[in-house]
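User: I'd like to go through some helices and strands here and ask how the labels are justified. Can you take me through it?

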Amino acid sequence: MERRDGEIPTKRSNLSDGGGSEDRLSALPDDLLLQILLKLVDTAVAARTSVLSSRWRRLWTLLPKLWFYPGTEPLAIRAALESHEAAALRDLDITLLDATPESVAGWLPIAARRLPGHLKLVNIFEPDESDGQAREIVAFLLPCFQNATSIHLELGYLGMALHPLGVFARLTDLNLTCVELHGPCMLGEAVSSPRCPSLQRLIVHGARGLGNFTIHSHSLKRLMLRNVHGLEQLTVIAPALLSLSVICCFHSTTTMNQPVATISSPQLLSLIWVDAYDPRFTQLGEMENLQRLSTYPFFVYGHNDSHKVVNSYTMKLLSHFKLIQTLNFKLLYPLEITNHEYLMEDITRLPNIVVMNLHIEPKAHSFGTSLFHLLSMCTGVRKLTITLDCKTSHPVQTVCSAGCVCDQTPNWKTEELTLNCLKRLNLSNWGATDHEAALVKRLLEWATVLQTMTVTFDRSVAGSKAKEFCQMLQIFSRPEICMRGPHFV
């Protein structure tokens, strides 16, 4: 146990046999002792065990992982890296508090030379609101990690510049979160195949200073760009890419220039495009192997042009495809819809959809009309999952106010619809309301070849109410339909 004065007592009577002449702990093999050291608070504490005896003096330098938490001085990190046996190091995990570029630059080049494994660097930035002044924008230089396999940088918008030389020969995984990028080397140059020949996964989240991102990679399989502030031009040439996510990058741009994107990834399987889309400026190329598409939420009601603009992005993106194996789609209701325009009529056609994962955030409104309209556009769907977002669907009330406009066009209650391909229906997070029961009854009538229906409820729904709801569904159902769920008898 560590004393209050910071020194570790050398007495070992609790480890010895009889008179204390035998040190049983030190007699353990190195592998086991290293596992003990890894359980300590951080590397600084592990290093202090060197005072125990000559047996322990260099033991901590064989640790496969070094980890430092907020409060560790940069000089201590540097000293630990210089003292450590480089051949043993596999992981470096450092969390800093309000770091400066100078403090990071003092030890990072040593880590780059010695680390053959994983680097995780997190800087917790706590702005001082008392002086009202922005932090001075300066940057540290990220050196080339020739042997690192994974780099995760979460910098709290600490400025970072990329070294223009060197090859990240073994790097497969790069995650840049809350980074302020500075030139002259562009991020795209650093992560393309000539300098990152093994890169397979790249995540850029909350980046600044990346107006133009161009990557040419033969190895990249997964790319996520999220909240890249001010992105104006995106070029992705990645023949092996399987998954691409572009989320809130272009739509948030403050410039007057039209964002331009060119994507060439013929092997792509999954596309998440929750962003501005205009086919005149966004070229997606051939995506014949695409299996899954996720889009912006669709606003069912709107009160300004911004809702219509966002909806137009979704419809233009969907029109690019003739066939979608799996579509992830969301219908979003505002809490108050009085004097709002009904926007579902803007959906005039949909591509052929095999599987639809539909999320609905109804804010306690009736959603039968919007669901009916959507399904009438994709009658060939074979599997349908309808998930209700009950975090906002049933926050206070389970039904909207009397006379609400959400159900003034109840065509779904009377008009016929044939879903003669639908075989599997999953209802998730439902609230067991009367409106939902009436809607499920209609779904069972429309789905003439349905084989399986699975129902689960939001955890706020009492078990007795869920069972009563399921008993009602069994009355509506046909004998050939298999009803599944924890509340079916």
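Analyst: Sure, starting with helix H7, residues 305-319: H7 has 15 residues and reaches 21 Å from its first C-alpha to its last. Bear in mind that this is a predicted model, where local features need pLDDT of at least 70, side-chain atom pairs count only at pLDDT 80 or more, and totals for chains, interfaces and linings use all residues. Residues are numbered from 1 along each chain as its sequence is written, and side-chain values use heavy atoms, leaving out hydrogens and water.

User: What makes 21 Å the expected span for H7?

Analyst: The expected span is 1.5 Å times one less than the number of residues. H7 comes out close to that 21 Å.

User: Which residues of H7 are called buried?

Analyst: Buried means under 20% relative accessible area, with exposed over 50% and partly exposed in between (1.4 Å probe, protein chains only). His307, Val310, Asn311, Tyr313, Thr314, Met315, Leu317 and Leu318 are buried in H7. They pack against strands including E15 (270-274) and E20 (323-332), contact being heavy atoms within 4.5 Å.

User: Why are the buried residues of H3 said to line one face?

Analyst: In H3 (residues 74-83), those residues are Ile77, Ala80 and Leu81. Seen down the axis of H3, they fall within an arc of 95°, so they line one face. The arc is that of the directions from the helix axis to the C-beta atoms.

User: What makes E4 and E6 a pair?

Analyst: Pairing takes at least two bridges found by DSSP. Four bridges join E4 to E6, running parallel, so E4 and E6 meet that definition.

Terms used: Helix = DSSP H or I, 4+ residues; strand = E, 2+ residues; numbered from the N terminus.
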